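Welcome, and thanks for looking through this model with me. Please keep the structure open beside these notes and find each part as you read.

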Amino acid sequence: MTFKKCSIRGKLYGDVIDENRDKTTNLTRHDSNFVWNDQTLIDAIEKNQDEDINHFLTLLALCHTVMTEEKDGKISYQAQSPDENALVTAARALGFEFMSRTQSNMTVRFRNQIETFDLLNILDFNNYRKRMSIIIRKHGKIILYCKGADTTIKERLDPSENNIMNVTDDHLHKVATEGLRTLCLAWKELKENDYQKWAKRLKQATTSMQKREEQMDVLYEEIEKNMKLLGMTAIEDKLQDGVPECIEKLTKAKIKIWMLTGDKIETAENIGFSCRLLTNEMIIRKVDGDNEDDVVNALERFQNDIQEIDKKNCSEYSDGFSLLITGSALAHALSDRLKMTFLELSTTCKAVICCRVTPLQKAQVVELVMKNKKVITLAIGDGANDVSMIQKAHIGVGISGQEGRQAVLASDYSIGQFRYLERLLLVHGRWSYLRISKFLRYFFYKNFAFTFCQFWFAFYCGFSAQTIFDSFFITTYNIFFTTCPVLVLGILDQDISANHSISRPLLYTAGQKDEYFNRKIFVECAIHGLITSCIIFFFSYLCLSSSTLPSGLSLIDAQSFGFMIATILVIVVNLENALEMWYWSGIYIFILFGTITLHFIFHFIMYSTVLRLTFKINYSYTGVAQISLTSVTFWLTLVLICVLLILPVIAREFFRIRFMPNESDRARLVQKFCISQKKNVIIPMDQELRGRTQSIRSTGSGYAFSQEKGFGPMITSGTLRTKSTKTSHL
């Protein structure tokens, strides 16, 4: 994040244009990575004649919860939010350097002179106050500095500040349309007697055992009144690489994307265009009413517009609608009276952006969708303000970055950048759905085939509970003989490569429609298992019923019959698994044939006479494997039944791929034969949209919601301590 512009008592700084060259003049003042492009402010600071500028920069240097740390003789800042770090860094670059703090004072270097301020109170930030304040004492004067969201500060200004606030409002709107994150600053001088009375009441409130937070909030509200406006700051928060492309791909995958942010509505709209969530072809509707009637009227107008466009069926509106709603309007829209109307209108939109929302409202929006729509919700965020939303959604994704690790610790998945969400969903998410679907289909199929073989045998044994299979085989069927190949399928299978998955986001819709596993497919698996068991059981019975060995022994005994069915069953279901597998690797081939070979080795050893003689046991299956495996009838029957069961499956798949291919089949064809695809024609962005893309940001929300509550009391109580920075004072 970078400090780009500021407005001090109605004068905007940082927006400098060279009239001769018609572009930004490169007037810079460096501190680490800080660059400032307005010499006017620097000259005013050097003259030291404007008290408003001094108060403004003093506020930036003091009103925060930043901790200092000394590294290699230099002071570095440890801030709980990147916004605070950007503001303190800007103050240092402009000559007002925060150096260290204790629980009772703060040390600052002003124009190479070190000054120490008595820290009296920190009025801590929370998600409802949307601001923080600090009370300091210097030269006998007690001053309150406050910074927060523009709507919050505006309500607490002295009436005489209306004219300045109107000018600052214009500046706020200007920088917000450029995609910058805004913040208002104010201050007031407190009388000694008034402060002492207030501090005494605050001390009583902090030690109260009942409603402590409510009492403190009331006292905070009491003292944060009739303040004087200092101005506003504008911070640029650039988009991470690949965010617009990622959102564009996810939109093509028919994924509904809602952006819940703490920024102003103008900033949020600009960000929407920058990240391609909004397009110029969309019909954008804004709902920003402050009372319920205004919100009702706005939603009704929006509903009428949608119905009118649907009736006209106009092709020029093919990009659909998008909705922008403010936090105050959202509070009414989430009421019992309006929430279903709001939900229905929102789900018809291609994009929804909620601005100036609190963490609680984020969670409420997610909960509203989860309870009333049969969809899977995914919440992604990178700060403490996103934790409630991440925990509420079905799937939570945390981005580990400058906002801290609170979101990561509360999430199901953690990624380093937003653009990795594209690969997480379109590649790994789609592969996972494909693998799980195949795993379930095969699992049900093989067990239906196994169980029905026993069912058919019950008709011949008079339902006496005699089993057709050896008890060892029944135990090991799902452990050794059919498990390993399907596990490899469930872990390694992929229909197309990762790059092709990303280039064809429409393939993701198969999971949304439950195309690969549903009730119909479950019934098909049951019928397939039933048919497989019928062919294996009855064809084996017919082939062995009149078969004899050269020695004259019959092969129709229960043990030989059961061994034959077990052998054919293992081979058939594993070959069926092989036909389900698209990604044949050396590991899979080894495990597939190794599993079949293991079946023969296992039974050859178990049924050998060596074990009977060694352990002196009377086992009815002794010698069955040796006799059956030397029979020509056994092998011919095995080959015949395998052909009868496998060929129809191959023919069915050939017919389906040839005459009724799905999107996945077409993608495999493109990948296999390297068929070139026509590239979509990209219409050049107009000048306005190009201007928008110059001010783009990451997934963090607005300043007023990017901090975490509780750091103020930790500082004033001495819980947080900083390393010594004495060497830096010299």
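The points below walk through a few helices, a cavity and some single residues.

1. Before anything else, please remember that this is a predicted model. Every value in my notes is computed from that model, so to speak, on paper.2. Let's begin with helix H26, which covers residues 632-659 and has 28 residues. From its first C-alpha to its last, H26 reaches 40 Å, and this is close to the 40 Å expected at 1.5 Å a residue. At the N-terminal end, Ser631 acts as a cap for H26. A side-chain oxygen of Ser631 lies 3.3 Å from the backbone nitrogen of Thr633.

3. Which residues of H26 are buried? They are Phe634, Thr637, Leu638, Ile641, Cys642, Leu645, Ile646 and Val649. Try colouring them in your viewer. The buried residues of H26 pack against three partners: helix H21 (519-544), helix H22 (558-580) and helix H25 (624-629).

4. Thr637 is a nice residue to zoom in on, and its place is in helix H26. Is Thr637 buried or exposed? Its relative accessible area is 3%, and buried means under 20%, so Thr637 counts as buried. Leaving aside neighbours within four places in sequence, Thr637 is in contact with Ser540, Cys543, Met564 and Ile568.

5. Next, look for empty space inside the model. The structure holds 1 cavity of 30 Å³ or more, and about 40 Å³ of space lies in the largest cavity. Its lining is made up of Ile468, Phe469, Asp470, Phe473, Gly562, Phe563, Ala566, His603, Tyr607 and Tyr621. By kind, the lining residues divide into 7 nonpolar, 2 polar and 1 charged. Which helix gives the largest share of this lining? That is H22, with 3 residues.

6. Now jump to the start of the chain, where Ile8 is found in strand E1 (residues 2-8). Ile8 has a relative accessibility of 5% and counts as buried. Not counting residues up to four places away in sequence, Ile8 touches Tyr13, Leu41, Asp52, Ile53, Phe56, Leu230 and Gly231. One of these contacts is worth a second look: Ile8 and Asp52 are 44 residues apart in sequence, yet their C-alpha atoms are 7.1 Å apart in space.

7. How many of the residues of helix H9 (residues 265-274) are buried? The count is 10 of the 10, so H9 is largely enclosed by the rest of the structure. Notice that the buried residues of H9 include Glu266 and Glu269 as well as Ile265, Ile271 and Phe273.

8. Just after H9 comes Arg276, with a positive phi of about 65 degrees. Why point this out? Most residues other than glycine have a negative phi. Arg276 is a residue other than glycine with a positive value. Arg276 is found in the loop between H9 and strand E13 (283-287), and at 36% relative accessibility it counts as partly exposed.

9. Phe463 offers another example, with a positive phi near 50 degrees in a residue other than glycine. Where is Phe463 placed? Look in the loop between helix H16 (420-458) and helix H17 (471-481). Phe463 has a relative accessible area of 53%; exposed means over 50%, so Phe463 counts as exposed.

Key: Residues are numbered from 1 along each chain as its sequence is written. This is a predicted model: local features need pLDDT of at least 70, side-chain atom pairs count only at pLDDT 80 or more; totals for chains, interfaces and linings use all residues. Side-chain values use heavy atoms; hydrogens and water are left out. Helices (H or I, at least four residues) and strands (E, at least two) are DSSP runs, numbered from the N terminus. The expected span of a helix is 1.5 Å times one less than its number of residues. Buried means under 20% relative accessible area, exposed over 50%, partly exposed in between (1.4 Å probe, protein chains only). Contact means heavy atoms within 4.5 Å. A polar contact is a pair of N or O atoms within 3.5 Å; within protein, one must be able to donate a hydrogen and the other to accept it, and residues adjacent in sequence count only if both atoms are side-chain atoms. On a 1 Å grid over the protein atoms alone, a cavity is a set of points where a 1.4 Å probe fits but cannot get out, and a pocket is an open set with protein on both sides within 12 Å along at least five of seven lines; lining residues have an atom within 4 Å of a point. Grid points are joined across faces, edges and corners, and a volume is the space filled by probe spheres set on the points. Ala, Val, Leu, Ile, Met, Phe, Trp, Tyr, Cys and Pro count as nonpolar, Asp, Glu, Lys and Arg as charged, and the others, Gly among them, as polar.
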